[in-house]
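Subject: Structure for you to look through

Dear colleague,

I am passing on a structure that I would like you to look through at your own pace. Please open it first, and then read the notes below alongside it.

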Amino acid sequence: MDEVLARREASPDRAAQHRHWRRPDHVGDILATAWSSAAAEPREIRVRPEVYHRILAELDPVERALVEERRLLGSPIALPLVVDAQLPLLPGFELVRARPHATAA
């Protein structure tokens, strides 16, 4: 029993290992989902207004100004960013992907 408790005891490094304790990374999470290898190429990112504001809050002032001006997100390949209040609350964003290429019959 003592071994189980010892393994569960908090250590200074334990909290650092879990992403839960880090600051949210909305931009990183959305772009990672957009560029996942198992899915078709992304064409557009649609986000709820509150997610858009969280994205802007994460960016440095120069990046923020570019996103606000051009409505593009990501680097080196930027994707159009569209604010859509009609999206569901969770996850708060939607990826519009390229249609699969039609196969010749």
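I begin with the largest pocket, which has a volume of about 240 Å³, and I should say at once that the model is a predicted one. The lining of this pocket is made up of 13 residues, and those that lie nearest its centre are Glu63, Val67, Leu72, Leu73 and Gly74. If you want to find the pocket by its elements, look for helix H3 (26–34), helix H5 (61–70) and strand S2 (72–73), each of which gives two or more residues to the lining. Among these, H5 gives the most, with 5 residues. In character, the lining of the largest pocket divides into 9 nonpolar residues, 2 polar ones and 2 charged ones.

Turning from the pocket to the whole protein chain, you will find 5 helices and 4 strands in its secondary structure, and, when you follow the chain from the N terminus, these elements come in the order α-α-α-β-α-α-β-β-β.

Which share of the contacts with a separation of 6 or more do residues 24 or more positions apart account for in the protein chain? The value is 68%.

As for burial and surface, the protein chain has 105 residues, and 21% of them count as buried. The chain exposes about 8,200 Å², and 55% of that area is supplied by carbon and sulfur atoms.

With best wishes,
A colleague

Key
Residues numbered from 1 in each chain as written. Predicted model: local features only at pLDDT ≥ 70, side-chain atom pairs only at ≥ 80, totals over all residues. Heavy atoms only, no water. Buried < 20%, exposed > 50% of the residue type's maximum accessible area, 1.4 Å probe, protein only. Contact = heavy atoms within 4.5 Å. Areas by Shrake-Rupley, 256 points an atom, 1.4 Å probe, with all protein chains shown as cover. 1 Å grid on protein atoms, 1.4 Å probe; cavity = no way out; pocket = protein on both sides within 12 Å on 5 of 7 lines; lining within 4 Å. Points joined across faces, edges and corners; volume = space filled by probe spheres on them. Nonpolar A, V, L, I, M, F, W, Y, C, P; charged D, E, K, R; others polar.
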